[in-house]
Each structure stands twice: as C-alpha cells, then as structure tokens.
Amino acid sequence: MTTATRQEVLGLYRSIFRLVRKWQAASGQMEDTIREKQYILNEARTLFRKNKNVSSPQLEVARRRLSDTDLIKQCIDECTARIEIGLHYQIPYPRPIHLPPMGLTSLRSRGLRTQEKLRKLSKPVYLKSHDEIS
C-alpha cells in the first residue's frame with residue numbers, strides 16, 4: 001500500500017469516527033441513537049479488519065485478477081458509498097438489494113451458473129464486502 005492510499009484509508013476511518021460523534025437517529029430517541037452509533041462503530045471495525053490484508057492469498061479467484069491498488073480502490077469506494085448513503089438516508093444500515101429470484105434451472109445446466117454470475121455482478125458497490133445473503 002502506498003503512502004497516499006494509506007493516508008486515504010486512515011482518513012476514511014477517522015471520518016467514520018467523527019460521523020459517529022455527530023450521529024443522531026432519525027427517530028430522535030436516545031436508545032436508537034446509541035444503538036445506531038454502536039452499529040456504525042462495530043461495522044467499521046469489522047470491515048476495516050476484514051479488508052486489512054487485501055492482497056492476501058486467501059482471496060477468492062475473481063479478486064485475484066485485480067491488482068492490489070484496484071482492490072484497495074474498490075474498498076475505498078465501498079466505504080465512501082456507505083458513508084454517503086448513511087448520511088443521505090439517515091440510516092446506518094446498508095440498504096437492502098432487491099434481485100429477482102433465481103429461475104428454475106437444473107443444477108448442472110449453464111443457466112444456473114450464468115444466473116449466479118449475474119447476481120454476483122449486480123450486487124451494489126456498498127455491499128461488496130458482505131457475504132452473499134440469498
């Protein structure tokens with residue numbers, strides 16, 4: 001990681017902590033505010049630790065095709081998108097994605113692999129670090 005990207009990542013981490021200090025829940029209740037602040041902190045720590053070793057050999061095959069700087073750039077873009085979405089909608093949780101259900105293709109057919117690939121590609125940038133839910 002270059003010095004510039006390291007500073008950018010640390011700046012994003014600091015901006016998340018500044019955001020937590022100023023965060024107010026949309027409901028205005030103190031319990032909700034505390035719960036949402038705690039969620040933001042836990043989510044940031046978890047994702048930053050998960051993506052700490054972006055160039056490690058345990059990454060999935062699709063990610064190995066990209067260079068380290070591209071992977072770091074994707075993580076930075078994801079973090080920025082999550083911050084902007086949270087500020088805009090006043091919710092700290094990731095917005096749900098609505099994908100059509102998978103068709104009824106046999107397990108051995110190419111159609112199933114194609115559908116899985118399309119579902120993976122259609123995942124929004126702000127959810128790339130999360131595991132597949134459906």
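Where is the place of Y93 in this structure? Y93 is found in the loop that runs between α4 (68-89) and α5 (110-121). Keep in mind as you browse that this is a predicted model. Y93 is a handy starting point, since this tyrosine belongs to a nonpolar surface patch and also to an aromatic pair with Y39. The notes below take the aromatic rings in turn and then move to the surface.

**Aromatic pairs**

- How many aromatic pairs does the structure hold? There are three of them, and two are described here, starting with Y13 and F48.
- Y13 and F48 meet edge-to-face, with 4.6 Å from centre to centre and 65° between the planes.
- This pair links distant parts of the chain, as Y13 sits in helix α1 and F48 in helix α2 (residues 30-50), 35 residues apart.
- Y13 has 24% relative accessibility and so counts as partly exposed; F48, with a relative accessible area of 23%, is partly exposed too.
- Y39 and Y93 make a tilted pair, at 4.6 Å centre to centre and with 55° between the planes.
- Because Y39 lies in helix α2 and Y93 in the loop between α4 and α5, the pair ties together parts that are 54 residues apart in sequence.
- Y39 is partly exposed, with a relative accessibility of 23%.

**Aromatic cluster**

- Which residues join Y13 in one aromatic cluster? F17 and F48 do, and the three residues form that cluster with one another.
- The edge-to-face pair of Y13 and F48 is therefore part of this cluster.

**Nonpolar surface patch**

- Y89, I91 and Y93 form a nonpolar patch on the surface, and their accessible area together is about 260 Å².
- Is Y93 within this patch buried or partly exposed? Its relative accessibility is 33%, so Y93 counts as partly exposed.
- That value also fits the patch, because membership asks for over 30% relative accessible area, and Y93 is at 33%.

**Positive surface patch**

- On the surface, R14, R18, R21 and K22 gather in a patch of positive charge.
- One of these residues, R18, has its place in helix α1 (residues 3-22).
- R18 has a relative accessibility of 40%, so this arginine counts as partly exposed.
- Helix α1 is thus a place to look twice: R18 of the positive patch is there, and so is Y13 of the edge-to-face pair.

Key
Residues numbered from 1 in each chain as written. Predicted model: local features only at pLDDT ≥ 70, side-chain atom pairs only at ≥ 80, totals over all residues. Heavy atoms only, no water. Patch = residues over 30% accessible without salt bridge, like charges linked within 9 Å, V, L, I, M, F, W, Y side chains within 5 Å. Areas by Shrake-Rupley, 256 points an atom, 1.4 Å probe, with all protein chains shown as cover. Salt bridge = Lys/Arg side-chain N within 4 Å of Asp/Glu carboxyl O. Helix = DSSP H or I, 4+ residues; strand = E, 2+ residues; numbered from the N terminus. Buried < 20%, exposed > 50% of the residue type's maximum accessible area, 1.4 Å probe, protein only. Lys, Arg positive; Asp, Glu negative; His and termini not counted. Charge placed at Lys NZ, Arg CZ, Asp CG, Glu CD. Phe/Tyr/Trp six-rings, centres within 6.5 Å; stacked < 30°, edge-to-face > 60°.
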